[in-house]
Amino acid sequence: MASKWATRFFQMAELVGSWSKDPSTQVGAVITEGNRIVSLGYNGYPHGVSDRADTEDRELKYAKTIHAEENAILFAKRDLKNCEIWVTHFPCPSCAAKIIQTGISVVHCPQQTDDFLSRWADKIKISESMFVEAGVQVHWVKT
């Protein structure tokens, strides 16, 4: 894919992530097929659940939050086989499983910060190994 599209899709993921009300982590995801956007998602509470991410304790917030990748998959409402996903943070094992199960073939993600890795390195290793085993390619986006 031409780099102009890669830049656009990653910038779109960053923009969509900024819509999250979570004050600590804003994650965006864009699912594409060729040069077309199929679906968008950001991390947040389900529809109809009061969004208090800024006041609830971290454990409760995590239990209620739908991840950006999950939201993008749910909103697509179509077959995602051979689509690609652009995410602002490397997918957790639960999202990696959903990405694999839907048939998404490529994950585009930036190299993660040292701060992010200090908190999530173990889960990232699980996700990476799942992607390798399932044949899902990971492309590191240069930011």
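I31 touches R36, I37, V38, S39, A72, I73, L80, C83, E84, I85 and I104, leaving out residues up to four places away in sequence. This is a predicted model, and I31 makes a handy way into it. I31 stands opposite I85 in β3, and both I31 and I85 are listed among the residues that touch the most other members of the largest nonpolar core. From there, the picture widens to the sheet, to helix α3 and to the cysteines.

**The nonpolar cores**

- The largest nonpolar core has 21 residues, and those touching the most other members are I31, L80, I85, I99, I104, V107 and F131.
- Two or more residues of this core come from each of β1, α3, β3, α4, β4 (106–110) and α5 (114–134).
- The biggest giver is α3, with 4 residues.
- There is also a second, separate core of 6 residues, and among its members are F9, F10, A13 and W86.
- As general background, nonpolar side chains tend to be buried together in soluble globular proteins.

**The sheet**

- Five strands make up an open sheet in the order β2-β1-β3-β4-β5, and their pairing is mixed.
- At the edges are β2 and β5 (137–141), each of which pairs on one side only.
- On average, neighbouring strands of the sheet are turned by 20° against each other, with direction ignored.
- β1 and β2 run antiparallel and are joined by 6 bridges; within this pair, V30 stands opposite L40 in β2.
- The hairpin of β1 and β2 has 2 residues between the strands, and G34 in this hairpin takes a positive phi near 60°.
- On the β3 side, β1 pairs in the antiparallel sense over 4 bridges.
- β3 and β4, in turn, run parallel and are joined by 3 bridges, with E84 standing opposite V106 in β4.
- β1 is largely enclosed by the rest of the structure, because 5 of its 6 residues are buried.

**Helix α3 and its surroundings**

- Helix α3 spans residues 68–76, and 7 of its 9 residues are buried, so the helix is largely enclosed by the rest of the structure.
- The buried residues of α3 are A68, E69, E70, N71, A72, I73 and A76.
- Their cover includes β1 (28–33), β2 (36–42), β3 (84–87) and α4 (93–102).
- α3 lies across β1, β2 and β3, and runs at about 130° to β2.
- Two of the buried α3 residues, A72 and I73, also appear among the contacts of I31.
- Just after α3 comes K77, which has a positive phi near 50°.

**A68 in α3**

- A68 is found in helix α3, and A68 counts as buried because its relative accessibility is 0%.
- Beyond residues up to four places away in sequence, A68 touches V27, G28, A29, G41, Y42 and N43.
- A68 and T88 are 20 residues apart in sequence, while their C-alpha atoms are 9.2 Å apart in space.

**H89 and the loop after β3**

- H89 sits in the loop between β3 and α4.
- The side chain of H89 makes a polar contact with the side chain of T88, at 3.0 Å.
- Setting aside neighbours within four places in sequence, H89 is in contact with T25, Q26, V27, E69, C109, Q112 and F116.
- One of these contacts, E69, is itself a buried residue of α3.
- V27 is another link to α3, as V27 touches A68 and is also in contact with H89.

**Cysteines**

- How many disulfides are there? The count comes to 0.
- C83 is ruled out by distance: its sulfur is 17 Å from the closest cysteine sulfur, in C95, too far for a bond.
- C83 counts as buried because its relative accessibility is 0%, and C83 is one of the residues touched by I31.
- C92 is in no disulfide either, and the nearest cysteine sulfur, that of C95, is 3.8 Å away.
- For a disulfide, the cut-off is a pair of cysteine sulfur atoms within 2.5 Å.
- Is C92 buried or exposed? C92 counts as buried, because its relative accessibility is 18% and the limit for buried is under 20%.

Conventions:
Residues are numbered from 1 along each chain as its sequence is written. This is a predicted model: local features need pLDDT of at least 70, side-chain atom pairs count only at pLDDT 80 or more; totals for chains, interfaces and linings use all residues. Side-chain values use heavy atoms; hydrogens and water are left out. Buried means under 20% relative accessible area, exposed over 50%, partly exposed in between (1.4 Å probe, protein chains only). Contact means heavy atoms within 4.5 Å. A polar contact is a pair of N or O atoms within 3.5 Å; within protein, one must be able to donate a hydrogen and the other to accept it, and residues adjacent in sequence count only if both atoms are side-chain atoms. A nonpolar core is a set of buried Ala, Val, Leu, Ile, Met, Phe, Trp, Tyr and Cys residues joined through side-chain atoms within 4.5 Å. Two strands pair if DSSP finds at least two bridges between them. Axes are lines fitted to C-alpha atoms, for helices over the stretch in contact, and angles run from 0 to 180 degrees between N-to-C directions.
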